Amino acid sequence: MKKFFIPLLFIILSLYYTETDACTNILVSKGASADGSTMVTYSADSHQLYGCLYFRPAQKFGAGAMLPVYEWDTGRYIGEIKQARETYSVIGNMNEHQLCIAESTFGGREELIDPKGLIDYGSLIYITLQRARTAREAIAVMNDLVTEYGYCSGGESFSIADPNEVWHMEMVGKGVRTVNGENTNKGAVWVALRIPDGYISMHANQARITTFPLNDPENCIYSPDVISFARERGFFNGPDNEFSFADAYAPLNFSALRSCEARVWCTFNRITDGGMAEFIDYAMGYDSSKRMPLFVKPSHKLSLKEVMWLMRDHFEDTPMDMRNDIGAGGHNMPYRWRPMFFEVDGQEYLNERAVATQQTGFWFVSQSRNWLPDAVGGILWFGVDDAGTSCLTPIYSSSTQVPECFREGNGHMTEYSPTSAFWLFNRVTNFAYMRYDLISADIIKVIHRTENKNIAEIETIDKNALDLYKKNPKKAVDFLTDFSVNRAQQMFSEWEDLDKYLLVKYMDGNVKKEKYGKFEDNGNGRNIPAMPDFPGYNETWKKAVAGSTGDKLKVPQM
């Protein structure tokens, strides 16, 4: 059993989370989904990211046009590259051809970052979405971009899905080696594996591709120097068929296991027959020798609803469940505020990092459906803020407008906007954090009601759009755009009502009584409500307070 030295890893983890903040992706092949769609989930988790929905229209450019590149995380201008003659429409992380790309950062070896590269991981995603129609095309475009212009980010895992295939790609830069003023290491090394039909994969800020087939281009594509470069740098010295991308370019440590792989373990554990009990020591960070598989076959085909709720996981009923100690406060809080580690009397301790987390900017579940034309088939179920208490709304990927509540520029991280979904959902969720066990239950009821209604209606919307598409594709796109915008704004209105309802019901630590959907009064005609309930705190909290205050709060026997 491998043990890891925590104080050193605290330093590593602090740097890691400052830079990446952590994201989570689930990749679902069409044979693993209940309706035959491919799906990708993504939570863009950052303490500095303002959640909004980005839109870039399809365009045509003249010869010699250039594209300015701005780093996704910081907004700094990096440089410019040659613009494509024609680009595709992109909304969020999905384009008009139902191609979806998402990511999670694993960082890897710091010495492999090229600070002078012109392509960062975010630009790589969004430029590729404007230029590629399929997952395989996307992999080729991504390789071409970093090869020609250089790659300036750390290691990344990418989820790439079209209506037929889902690919798990991992990439890391090659650092800097200067010869005559030029970086001869410009570019990146990478591996992309197709997820077998009927299986799902996942990544959560740790490289997960180990060994891979060297002669199976239908299912595995890789940069030609991915092994030779590792040999050159001293990261690997065995036979080619034993080469492990993750071990060479992103070696495991405690933080990679407990803060990253644990999220993968929990999801795999929920969806497989017999669970993943044999890998619990790996997920807990106690034993790195028994790696989890890259992909698993779920015990049943997953519905869209199930995949949505996998992104709302807090390690419930697992050894990492955060609701069961005094850190959960008096109301079973499943979160811990940052930093990730803390120290008591010289000993380091950790706060768990679950799939659902408080610092989410935006999140989504994509659906790409091969039985429909591209204009109708792609849906980005989009939401903002913490997945555990926020709602997803359908945005068709052919949409040409963004709902006002998600519009870029409608507020930002330090400017409140009353018409912004990001700020409204944060209002509701941060209120829920005060008494999570009680208030979150009311929020979840509204999530179920709203999402179930939208999911049930999609079949009719698809049919109507398909009928229009056969006659006039533009009218079909206009119809789907109107539906997407209006449905998002309806959700926003529902959350405004929820915000007011929760305040009325839960103010001052009380819980007002309800009957027939209305708050009860005393029947005295003066609008005085019935006496509210006083739920107080859970037993763990009461025992902790009693034990830490000695006789001060003890009621004497008279």
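In this predicted model, the buried residues of helix 10 pack against two strands and two helices: strand 21 (360-368), strand 22 (379-384), helix 11 (436-471) and helix 12 (473-506). Helix 10 itself covers residues 421-432. Its twelve residues reach 16 Å from the first C-alpha to the last, close to the 16 Å expected at 1.5 Å a residue. Most of helix 10 is covered, with ten of the twelve residues buried. Among them are the aromatic side chains of Phe422, Trp423, Phe425 and Phe431, and the buried set also includes Asn426 and Thr429. At the N-terminal end, helix 10 is capped by Ser420, where a side-chain oxygen lies 3.2 Å from the backbone nitrogen of Phe422; Phe422 is itself one of the buried residues.

Strands 21 and 22, both packing partners of helix 10, also take their place in an open sheet of seven strands. The order in this sheet is 18-16-1-2-21-22-23, and the pairing is antiparallel. Strand 18 (295-296) and strand 23 (393-396) form the edges, each pairing on one side only. Further inside the order, strand 1 (residues 25-28) meets strand 2 (residues 38-45) in the antiparallel sense, over two bridges. Here Leu27 stands opposite Val40 of strand 2.

A look at helix 13 (residues 539-548) brings in Lys543. This lysine counts as exposed because its relative accessibility is 62%, and the cut-off for that class is over 50%. Lys543 and Leu67 are 476 residues apart along the chain, and their C-alpha atoms are separated by 62 Å.

Note on methods:
Residues are numbered from 1 along each chain as its sequence is written. This is a predicted model: local features need pLDDT of at least 70, side-chain atom pairs count only at pLDDT 80 or more; totals for chains, interfaces and linings use all residues. Side-chain values use heavy atoms; hydrogens and water are left out. Helices (H or I, at least four residues) and strands (E, at least two) are DSSP runs, numbered from the N terminus. The expected span of a helix is 1.5 Å times one less than its number of residues. Buried means under 20% relative accessible area, exposed over 50%, partly exposed in between (1.4 Å probe, protein chains only). Contact means heavy atoms within 4.5 Å. A polar contact is a pair of N or O atoms within 3.5 Å; within protein, one must be able to donate a hydrogen and the other to accept it, and residues adjacent in sequence count only if both atoms are side-chain atoms. Two strands pair if DSSP finds at least two bridges between them.
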